[in-house]
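Visitor: I would like a close look at one part of this model. Please keep the sentences short and take me through what surrounds that part as well.

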Amino acid sequence: MHGGYALRRLAAFSFLSVAAPMLMGATSLAQFFDARILAVHNRERATLGIAPLRWNADLAVSAQRWADHLAATGSFEHAPERPTDPQGENLWAGTKGYYPLEARIEAWIREKRYFKPGTFPDNSVTGKVADVGHYTQLMWRDTREVGCAQATSAREDVFVCRYSSAGNYIGERAF
């Protein structure tokens with residue numbers, strides 16, 4: 001009987017964690033997607049007192065174009081730099097239908113275990129910028145907006161987030 005109570009509580013908690021953005025005013029699936037992404041980003045930024053990000057629909061459109069390209073081609077690489085409108089970019093790919101949005105962003109957040117205070121790119125305890133670059137972009141102090149998108153290939157989901165202003169500038173501190 002005690003196990004049944006725990007399962008009901010877990011089910012109720014799971015429902016509320018998924019439904020909360022809709023209950024708080026996200027009225028469409030797109031707003032629900034946006035709200036979930038912002039919640040994870042801003043929860044982590046708040047741990048260091050960094051200003052929250054806002055959703056930017058233009059960044060999301062840009063991210064969608066690149067996610068669609070990656071899914072269609074099977075490649076996994078950053079988009080070419082945009083000299084007139086630089087955007088930060090985080091990429092993720094994983095087993096189709098397996099990982100929720102939050103887990104994708106939390107994978108980037110887990111890079112903080114390798115972060116050390118310092119100027120970019122000398123801010124990784126491993127000496128490899130690739131070990132902290134997603135985390136530092138997500139946390140970059142001058143970044144104020146994000147837009148993300150996903151696409152699916154035959155075998156995997158691809159997730160792309162674009163950030164403005166871009167981060168990870170050589171010689172600067174992330175936060």
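Which strands does helix 4 lie across, and at about what angle does helix 4 run to strand 4?

Guide: This is a predicted model, so read every value as computed from predicted coordinates. Helix 4 spans residues 101-109. Helix 4 lies across strand 2, strand 3 and strand 4. Its direction makes about 60 degrees with strand 4.

Take the helix itself. Its buried residues are Leu-101, Arg-104, Ile-105, Trp-108 and Ile-109. Why do they sit on the same side of helix 4? They cover an arc of only 150 degrees around the axis, and that puts them there.

Now the sheet. Four strands make up an open sheet with mixed pairing. The order across the sheet is 1-3-4-2. Strand 1 (54-55) and strand 2 (88-95) are the edges. Each has a single partner strand, so one side of each has no neighbour in the sheet. Strand 2 runs antiparallel to strand 4, and eight bridges join the two. Within that pairing, Glu-89 stands opposite Arg-162 of strand 4. A further helix packs on the sheet: helix 3, residues 57-73. Helix 3 touches strand 1, strand 2, strand 3 and strand 4. The angle between the directions of helix 3 and strand 3 is about 30 degrees.

Strand 3 and strand 4 also carry a covalent link. The structure holds one disulfide, between Cys-148 and Cys-161. The two sulfur atoms are 2.0 Å apart. The link is right-handed, with 105 degrees about the S-S bond. Cys-148 belongs to strand 3 and Cys-161 to strand 4, 13 residues apart. Both cysteines are buried.

Next, the loop that connects these two strands. Strand 3 covers 145-152 and strand 4 covers 156-164, with Ala-154 in the loop between them. Ala-154 is exposed, because its relative accessible area is 70% and the exposed class starts over 50%. Lys-96 is 58 residues from Ala-154 in sequence. In space, their C-alpha atoms are 7.7 Å apart.

Follow the chain out of helix 4 as well. The loop between helix 4 and helix 5 (133-139) contains Pro-121. The peptide bond that joins Phe-120 and Pro-121 is cis, with omega about 10 degrees.

The segment after strand 4 has backbone details of its own. Ser-165 lies in that segment. A cis peptide bond joins Ser-164 to Ser-165, and omega there is about -5 degrees. Asn-168 is found in the segment after strand 4 too. Its phi is positive, about 60 degrees, although Asn-168 is not a glycine. Asn-168 counts as partly exposed, because its relative accessibility is 21% and buried means under 20%.

Finally, step back to the whole chain. The protein has five helices and four strands. From the N terminus, the elements run α-α-β-α-β-α-α-β-β. Of the 175 residues, 39% are buried. Among contacts with a separation of 6 or more, 66% join residues 24 or more positions apart. The accessible surface is about 9900 Å², and carbon and sulfur atoms hold 59% of that area.

Key
Residues are numbered from 1 along each chain as its sequence is written. This is a predicted model: local features need pLDDT of at least 70, side-chain atom pairs count only at pLDDT 80 or more; totals for chains, interfaces and linings use all residues. Side-chain values use heavy atoms; hydrogens and water are left out. Buried means under 20% relative accessible area, exposed over 50%, partly exposed in between (1.4 Å probe, protein chains only). Contact means heavy atoms within 4.5 Å. Accessible areas come from the Shrake-Rupley method with a 1.4 Å probe; for residues, only the protein chains shown count as cover. Two strands pair if DSSP finds at least two bridges between them. Axes are lines fitted to C-alpha atoms, for helices over the stretch in contact, and angles run from 0 to 180 degrees between N-to-C directions. The arc is that of the directions from the helix axis to the C-beta atoms. A disulfide is a pair of cysteine sulfur atoms within 2.5 Å.
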